[in-house]
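Trainee: I would like a close look at the salt bridges of this structure, one pair at a time. Please say where each partner sits and what surrounds the elements involved.

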Amino acid sequence: MNVHGQHYRTIWPKPGDERVIQLIDQRFLPHQFVIEEVRTVAEMAAAIREMHVRGAGLIGAAAGYGMYLATFEPDVMAAAAMLRATRPTAVNLAWAIDRQLRKISAAGSADEKQRVAFQTAREIADEDAEYCRRIGEHGIELIRRLSEEKSGGPINILTHCNAGWLAFVDYGSATSPIYAAHDAGIPVHVWVDETRPRSQGSKLTAWELGEHGVPHTVIADNAGGHLMQRGKVDAVMVGTDRTTFTGDVANKIGTYLKALAAKDNGVPFYVALPSSSFDWTIRDGVNEIPIEERGGEEVSYADGFRAGERMEVRVTPEHSPAANFGFDVTPRQLVTGLITERGICQANEQSILRLFPEHRGS
C-alpha cells in the first residue's frame, strides 16, 4: 500500500544486499515511519516477539525470511525452534517454518539451501499479498450488496485490532474488501476500535486508512455495542490469527464481545483470512487454541509521543497486578461467514472443506 504516495510492503529483502531483510517497525507508528534492518535469526525472533512486526500473515512472512537467514547460521533446527517460540497463537508462524524446513532439508549444498530458502521466503510473502488481494475481490461483493440495500448510502463497517496491510505483506485481510470498495467508488466509513492494551486499531488501522483516504472514526473499544443498537453499524469485519477447520476464530482480545453484540443486534459478522491462517488439526477452538498471555506492563502502561519523543506513562496503581490475554476465541455460531482467497464460506467444517477439499482427512 502507499505511504506518503510511495508503495511499500511490510517486509522485503534489501535491494543490493539480500542478506539483509528490511521491515516496517510498527512500534513507532503512527508518529514515525521507521524501517528496520534485520541480519540474524535472533534479530528476526526479537522483531516478532517484541512486535516490531505483528499480524498473522506478516508473522508468517517474517518467519519465512527468518528461516532464510537461518541457512547462514550453524544450526538451522535451533534457529527454527527460536522462531517458533516467539508467538504461540498465530498459526502462520509454524506454517511458514515447517514449509521452509521441508524445502531446506530437500536441498543439497549450503549454497543450494540458501537459494531455496530465499526463493521460498519470497513465495510465502508473494502468496500472502496475492491471497489478500483476492480476499478483497470476494469481500467487495458483500459491501456492494449492502450498499444496494441502502440505496447507495455509506456502509459503516466496524473492525477490531489491525487486520490491514500492516498485519500482512500487502492489502490486509479485513481491510482488503474495504480498500477495494473505496477504490471502486462505493462509499464506506470504518469504525475503528482502539484495541487496548496495545492500541493496534487507533495506532495502525487508523493510520493506514488515513493514508489510503478511507473515511474512518476511532472509537473506544466498548462503544461498538452502543453503535450497533442504534443501527450505525452495517457489518463487522475482523481478521484472525488462527481459525479451526470447524470455524472457531481466534483474534485479538475483545473480538468475542463484538461478535456477541453483533449477534444480538442482527449485524453480520465476517472474518477475513488467507488459508494459511487455518489450523487443519484443531476442532475445538475455545479449548484447544493456545492463547498468548503477554506481560502485564502492556496493561499497566500506555505509550505515545510527546514533543517528538516516544514516552510511556503508568495508568494503574503501582502495586496492582495486571493480566494481559492477547486473544480470545469467537465460536463458529457467532460468525456469519469467512472471506478467503477462494471465496466466501460459512463458518463450519462442511463449508470450509468444500472450498479447501485438499485438507479433507488431514
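Mentor: Start with the accessibility classes: a residue is buried under 20% relative accessible area, exposed over 50%, and partly exposed in between. Keep in mind that this is a predicted model. By that scale R39, at 43% relative accessibility, counts as partly exposed. Its partner is E37, and their side chains meet in a salt bridge of 2.9 Å, N to O. E37 is partly exposed as well, because its relative accessibility is 26%. In general, side chains of opposite charge can pair when their charged atoms come close. The structure holds 24 salt bridges, and a few of them are taken up here.

The strands around the first pair come next. Strand 5 covers residues 35-38 and pairs with strand 4 in the antiparallel sense over 4 bridges. Within that pairing, I21 has V38 of strand 5 as its bridge partner. Strand 4 (residues 17-24) is also joined to strand 3 (residues 11-14), again antiparallel, by 4 bridges. There I11 is bridged to L23, and W12 stands opposite Q22. The hairpin of strand 3 and strand 4 has 2 residues between the strands, and G16 takes a positive phi near 90° in that hairpin.

The second pair is D98 with R84, where the closest N and O atoms are 2.9 Å apart. D98 lies in helix 4 and R84 in helix 3, so the salt bridge ties together parts that are 14 residues apart in sequence. Both are partly exposed: D98 has 30% relative accessibility, and R84 has 35%.

Helix 4 itself runs over residues 91-106. At 1.5 Å a residue, its 16 residues should span 22 Å, and the end C-alpha atoms are 23 Å apart, which agrees. The buried residues of helix 4 include V91, L93, I97, L101 and I104, with R99 and Q100 also among them. These buried residues pack against helix 1, helix 2, helix 3, helix 5, strand 10 and strand 13. Helix 3 therefore meets helix 4 in two ways, through that packing and through the salt bridge of D98 and R84.

Strand 10 and strand 13 lead to the third pair. They belong to an open sheet of 4 strands in the order 13-10-11-16, with mixed pairing. Strand 13 and strand 16 stand at the edges with a single partner strand each, so one side of each is left without a neighbour in the sheet. Strand 11 (residues 249-252) pairs with strand 16 in the antiparallel sense over 4 bridges, and in that pairing A250 stands opposite V329.

The side chains of D248 and R332 meet in a salt bridge of 2.9 Å, N to O. D248 lies in the loop between strand 10 and strand 11, and R332 in the loop between strand 16 and strand 17, so the pair ties together parts that are 84 residues apart in sequence. The partners fall into separate accessibility classes: D248 is buried, with a relative accessible area of 3%, whereas R332 is partly exposed at 31%. Beyond these pairs, salt bridges that share partners join R87, R198, E292, R294 and E298 into one network.

Terms used. Residues are numbered from 1 along each chain as its sequence is written. This is a predicted model: local features need pLDDT of at least 70, side-chain atom pairs count only at pLDDT 80 or more; totals for chains, interfaces and linings use all residues. Side-chain values use heavy atoms; hydrogens and water are left out. Two strands pair if DSSP finds at least two bridges between them. The expected span of a helix is 1.5 Å times one less than its number of residues. Buried means under 20% relative accessible area, exposed over 50%, partly exposed in between (1.4 Å probe, protein chains only). Contact means heavy atoms within 4.5 Å. A salt bridge is a side-chain nitrogen of Lys or Arg within 4 Å of a carboxyl oxygen of Asp or Glu.
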